[in-house]
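Open the model in your viewer and keep the selection panel at hand. This tour tells you what to select at each stop and what is there.

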Amino acid sequence: MSREDVLVTTQWAEENLDTPGVVFAEVDEDTTAYDGGHIRGAVKIDWKNELQDQVRRDFVDKAGFEALLSQKGIGNDDLVVLYGGNNNWFAAYAYWYFKLYGHDKVKLLDGGRKKWELDGRELTTDEPQRERTSYTAKEQDLKLRAFRDEVVEAINTKNLVDVRSPDEFSGKLLAPAHLPQESAQRAGHIPSAVNVPWSKAANEDGTFKSAEELAELYKEAGLDTSKSTIAYCRIGERSSHTWFALHELIGLEDVKNYDGSWTEYGSLVGVPIETGAK
Amino acid sequence: MTDGCGAPQQTAVAADEDTNGQVVVAGKVTGGDGPLGGAYVRLLNADGEFAGEVQASPEGDFRFYAAPGSWTVRALHRTGNGEASVSAEGPGVHQVAIAVA
């Protein structure tokens, strides 16, 4: 798989804003970013209110995903180009989520909203009008998704990649430095996990590093590419960014994202936890 | 409070704000014509490693909840970049200004 199969440049995006069959979608936690200005024609997806079940801690089910995409005017044959803030964290999460439900024609805008803005490209507040579709999803592809029992069993057997910042990994912080500190009951990391912060996979402008640079990065961190890999963070969006780097850019075959991540693991009773840096 | 990882709305802080025991690194981004809104502000640790990023408010304000230590804040904007250092050794607000040129 080449970079062009999974990423588009901001230049490509600008040249294809009106291309039939290409749908741009902005994915943010904070939808005020979209409301304040977005790429022309892009639809808005709210990761929290639209991609999460509003009662249980889980994703919307297959029927819910079908209803969402139909309502957004996204068809089964459309190429969906996802982008967002936070260096594409939530766009990468949505990319993984689209893949989970079997939508293969999906790409990320390399650099996301940040690169688009740093390029000085145009944003608009105009709401796009798209006709409703009848979207059909597949059952979740669980080869891409890890659950807690599998994570506990993976200690010392599979690669566990903790993609949070070093201070979260060591247990000094419970959340990234731009957030109030809250969430899991205990701080630290899953034993045997290596710490490769998501940010090491990205350049300053938010674009992904090259496949060669990424391969070197994870090799140096001690990732054994002959083994299966599970990536996690705090709630599963930064680890989607790393899942993208490992699975889509480097091309490792067996990589799962643990979306329960530290907010689940760090609150489980009886599981082992390590603290301190490595 | 939020369940997510998105940054809260960036707002100005008073130097004597009660931070609930947290270490807050906060300040304003300015350009040639005064406060500069919308810059991407990155928090880097003493080794230059990335620790967090927020987008400054329309008035140029930003804030981070950090661990105690020495930090560099670096602003990226389509008109240019800038950075500044701050020592945040204990709880409270540690203010730092970034000029972008």
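Among contacts in chain B between residues at least 6 apart in sequence, what percentage join residues at least 24 apart? The figure is 54%. Keep in mind throughout that this is a predicted model.

**Stop 1: chain B**

Select chain B. It has 101 residues, and 55% of them count as buried. Colour by secondary structure. You will find eight strands and zero helices. From the N terminus on, the elements read β-β-β-β-β-β-β-β.

Now pick out residues 50-55 of chain B, which form strand β4. Is this strand largely enclosed or largely open? Five of its six residues are buried, so β4(B) is largely enclosed by the rest of the structure.

Add residues 40-44 of chain B, strand β3. β3(B) and β4(B) pair in the antiparallel sense, over five bridges. Look across the pair: B:Arg42 stands opposite B:Glu53 of β4(B). Then go to the turn of this hairpin. Five residues lie between the strands, and one stands out for its backbone angle: B:Gly48 takes a positive phi near 85°.

**Stop 2: the two domains of chain A**

Switch to chain A. Colour residues 3-118 as domain 1 and residues 148-265 as domain 2. The domain centres, taken over C-alpha atoms, are separated by 22 Å. How many residues of domain 1 are in contact with domain 2 of chain A? There are 21, and they contact 24 residues of domain 2.

The UniProt record is worth a look here. Its unreviewed entry annotates "domain: Rhodanese" over residues 18-125 and 154-274 of chain A. Select residues 18-125 of chain A. This span is 36% helix and 19% strand, and its end C-alpha atoms lie 17 Å apart.

**Stop 3: the five-stranded sheet**

Stay on chain A and show its strands. Five of them make an open sheet with parallel pairing, in the order β1-β5-β4-β2-β3. Which strands are at the edges? They are β1 (7-8) and β3 of chain A, each pairing on one side only.

Zoom in on β1(A). Two bridges join this strand to β5(A), and the two run parallel. A:Val8 has A:Leu109 of β5(A) as its bridge partner.

Next, show helix α5(A). The helix packs on this sheet and touches β2, β3, β4 and β5 of chain A. Its direction makes about 175° with that of β5(A).

**Stop 4: the four-stranded sheet**

Move to another open sheet of chain A. Four strands build it in the order β7-β6-β8-β9, and the pairing is parallel. Why do β7 (194-195) and β9 (255-257) of chain A each have one side without a neighbour in the sheet? They stand at the edges with a single partner strand each, so one side of each is left free of neighbours in the sheet.

Select residues 159-162 and 229-232 of chain A, strands β6 and β8. Four bridges pair them in the parallel sense. Find A:Asp162, which stands opposite A:Tyr232 in β8(A).

Helix α10(A) packs on this sheet. The helix touches β6, β8 and β9 of chain A, and its direction makes about 170° with that of β9(A).

**Stop 5: the cores**

Show side chains. The largest nonpolar core has 57 residues. Which of them touch the most other members? Select A:Phe65, A:Leu82, A:Leu108, A:Tyr218 and A:Phe244. Elements giving two or more residues to this core include α4 (62-72), β4 (79-83), α9 (211-220) and α10 (238-250) of chain A. The largest share, eleven residues, comes from α5(A). This core draws at least three residues from each of domain 1 and domain 2 of chain A.

Centre on A:Phe65. Among its contacts are A:Val60, A:Tyr97, A:Phe98, A:Tyr101, A:Tyr135 and A:Ala137. Apart from the largest core lies another, of 24 residues. Its members include A:Leu173, B:Leu36, B:Ala51 and B:Val54.

**Last stop: A:Asp5**

Finish at A:Asp5, in helix α1 (residues 3-6) of chain A. A:Asp5 is partly exposed, with a relative accessible area of 44%. Draw a distance line from A:Asp5 to A:Gly206. The two are 201 residues apart in sequence, and 18 Å apart in space from C-alpha to C-alpha.

Methods:
Residues numbered from 1 in each chain as written. Chains lettered and ligands numbered in written order. Predicted model: local features only at pLDDT ≥ 70, side-chain atom pairs only at ≥ 80, totals over all residues. Heavy atoms only, no water. Core = buried A, V, L, I, M, F, W, Y, C linked by side-chain atoms within 4.5 Å. Buried < 20%, exposed > 50% of the residue type's maximum accessible area, 1.4 Å probe, protein only. Domains from an automatic or database assignment. Contact = heavy atoms within 4.5 Å. Pairing = 2+ DSSP bridges. Axes fitted to C-alpha atoms, helices over the stretch in contact; angles between N-to-C directions. UniProt positions renumbered as here; feature names shortened; annotations may be inferred. Lists of a residue's contacts leave out its neighbours within four places in sequence.
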